[in-house]
Amino acid sequence: MEVLVRRVAVVAVVLAAAMAAAEGYNITKILGDHPEYSQFNKLLTETRLAGDINRRRTITVLVVANGDMGALSSGHYTLPTLRHILEMHILVDYYGAKKLHQLARADTASSSMFQESGSAPGTTGYVNITQHRGGRVSFTAEDAADSATPSSFVKSVKEIPYDLAVLQISKPLSSPEAEAPVAPPAPVNLTELLSKKYCKNFASLLASNADVYSNINATKDNGLTLFCPVDAAVDAFMPKYKNLTAKGKAAILLYHAVPDYFSLQLLKSNSGKVSTLATASVAKKDYSYDVGNDRDNVLIDTKVNTASVTATVKDADPLAVYAITKFLQPKELYKPKEDLAPAPAPEGPKKKTKKKKPSSATAASPSDDDSSADSPDASPADDVADKAAAAPSVLARWVAAAATAAAALALAA
């Protein structure tokens with residue numbers, strides 16, 4: 001009996017750890033439980049690095065307490081420069097506290113997300129990790145000046161072996177290359193961009209709604225992915241669009257805009273739920289959809305209809321614009337499609353009923369639109385390689401969790 005209890009305990013512990021790894025992590029939520037890192041957490045969100053961290057499988061985040069942030073919280077740097085500086089604090093390998101104190105040669109060099117971004121020349125995006133006598137561990141940027149003092153390891157904040165380590169360090173890393181001013185992105189005229197490639201009609205809808213256009217235009221420089229229906233898709237949807245209220249028209253246009261940059265490569269290799277500008281603009285409404293892939297095709301499932309990406313209009317951080325085959329219809333405005341239709345009930349005696357003339361509300365109610373819109377014949381533009389490696393799918397993590405549990409059973413036997 002004692003042996004059986006021990007086996008069950010071993011399996012339970014391993015399953016709990018495996019399930020946690022399968023569900024992934026959310027760096028914003030993790031740091032949200034530690035108000036002493038609120039400024040660092042805020043910058044991760046503003047620079048859009050939080051999403052990049054969450055999409056990674058193996059990562060170490062070097063966080064700094066509010067009182068040690070120095071120039072990072074002074075407003076001295078622009079957001080693009082802050083992004084580079086923070087990228088230096090994100091190592092693309094796992095370094096838990098135990099691993100730090102067991103470095104084979106007392107020191108090592110780890111690549112950062114700044115190095116992976118392609119913006120760091122040579123080895124300037126590497127971080128040197130050194131173990132000193134007495135167990136002290138320090139971090140130094142490869143290009144730090146000789147006079148710069150290293151940043152010291154303070155404590156481990158959160159560890160999910162061997163996926164995520166969040167470590168507190170004594171101060172921000174000094175890296176002249178990361179701190180160099182970043183030129184702002186070239187101005188983009190959305191109406192002109194959309195009108196030239198596949199989406200002239202959608203551009204007209206945006207231009208005719210000043211508030212919507214202003215919202216989308218203000219978001220594009222900080223990270224925006226816009227799904228624009230091709231002209232034929234807009235034409236097919238116009239009867240439904242005209243029946244919407246002014247608020248409904250604004251919501252459905254904002255529904256096509258995601259306030260984050262997603263390269264085509266990332267869309268093809270990941271799947272999951274994304275929020276839209278409509279999510280933030282309409283109180284107590286979801287206005288999200290699922291982005292997935294079928295082989296090499298990117299699919300957008302709103303639960304009402306499904307569209308696919310048919311061409312790339314622009315893909316350069318911080319703005320991505322993709323032409324899609326259908327006008328996206330949110331479940332907040334239209335009836336969701338049924339995944340499995342119930343079996344028809346046996347027909348009873350037919351009763352004679354008078355045909356009722358549909359009311360104006362019924363006539364205006366939307367129905368599923370499964371008609372395929374014409375898509376451009378041109379091949380997609382050259383894709384810009386994503387600067388962050390894509391994380392495995394949730395399914396892969398569940399498989400890994402199952403394998404871990406099986407191994408635990410074998411060990412406990």
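# Briefing: cores, helix packing and backbone exceptions

Phe202 and Phe227 touch the most other members of the largest nonpolar core, which has 56 residues. Strand β14, residues 319-324, gives the most to this core, with 6 residues. Apart from it lies another core, of 49 residues, with Phe40, Val61, Phe139 and Ala141 among them. The model is predicted.

**Overall composition**

- The chain comprises 17 helices and 14 strands.
- Of its 413 residues, 42% count as buried.
- Among contacts between residues at least 6 apart in sequence, 68% join residues at least 24 apart.
- The chain exposes about 21,600 Å², and carbon and sulfur atoms supply 55% of that area.

**Surroundings of Phe202**

- Neighbours within four places in sequence are left aside in what follows; on that basis Phe202 is in contact with Leu194, Leu226, Phe227, Cys228, Pro229, Val234, Leu253, His256 and Phe327.
- This set of contacts includes Phe227, which shares with Phe202 the distinction of touching the most other members of the largest core.
- The set also includes Leu253, a buried residue of helix α13.
- In soluble globular proteins, nonpolar side chains tend to be buried together.

**Helix α13 and its cover**

- Helix α13 spans residues 246-254, and its buried residues are Gly248, Ala251, Ile252, Leu253 and Leu254.
- An α-helix has 3.6 residues a turn, so residues three or four places apart point the same way.
- The elements that cover the buried residues of α13 include the helices α10 (200-207), α11 (210-219), α12 (231-242) and α15 (277-281), together with strand β9 (257-258).

**Packing of α11 against α13**

- The axes of α11 and α13 are 10 Å apart, and the two helices pack at an angle of about 20°.
- Because angles under 35 degrees count as roughly parallel, α11 is roughly parallel to α13.
- The contact is made by Val212, Asn215 and Ile216 on the α11 side and by Ala250, Leu253 and Leu254 on the α13 side.
- α11 passes α13 in a right-handed crossing.
- Leu253 thus belongs to the contact with α11 and is also in contact with Phe202.

**Cis peptide bonds**

- Most residues other than glycine have a negative phi, and most peptide bonds are trans.
- The peptide bond from Pro161 to Tyr162 is cis, with omega near -10°.
- Tyr162 lies in the loop between β6 (151-160) and β7 (164-169).
- Asp317 and Pro318 are likewise joined by a cis peptide bond, for which omega is about 20°.
- Pro318 lies in the loop between β13 (306-316) and β14; strand β14 is the element that gives the most to the largest core.

**Positive phi outside glycine**

- Arg48 has a phi near 65°, a positive value in a residue other than glycine.
- The position of Arg48 is in the loop between α3 (38-46) and α4 (49-54).
- Arg48 counts as buried because its relative accessibility is 14%, and the cut-off for burial is under 20%.
- Lys303 also has a positive phi, near 80°, and is a residue other than glycine.
- Lys303 is found in the loop between β12 (297-301) and β13.
- With a relative accessible area of 37%, Lys303 is partly exposed.

Technical notes
Residues numbered from 1 in each chain as written. Predicted model: local features only at pLDDT ≥ 70, side-chain atom pairs only at ≥ 80, totals over all residues. Heavy atoms only, no water. Buried < 20%, exposed > 50% of the residue type's maximum accessible area, 1.4 Å probe, protein only. Helix = DSSP H or I, 4+ residues; strand = E, 2+ residues; numbered from the N terminus. Contact = heavy atoms within 4.5 Å. Areas by Shrake-Rupley, 256 points an atom, 1.4 Å probe, with all protein chains shown as cover. Core = buried A, V, L, I, M, F, W, Y, C linked by side-chain atoms within 4.5 Å. Axes fitted to C-alpha atoms, helices over the stretch in contact; angles between N-to-C directions. Parallel < 35°, antiparallel > 145°, perpendicular 65-115°, else oblique. Left-handed = near helix turned anticlockwise from the far one by under 90°.
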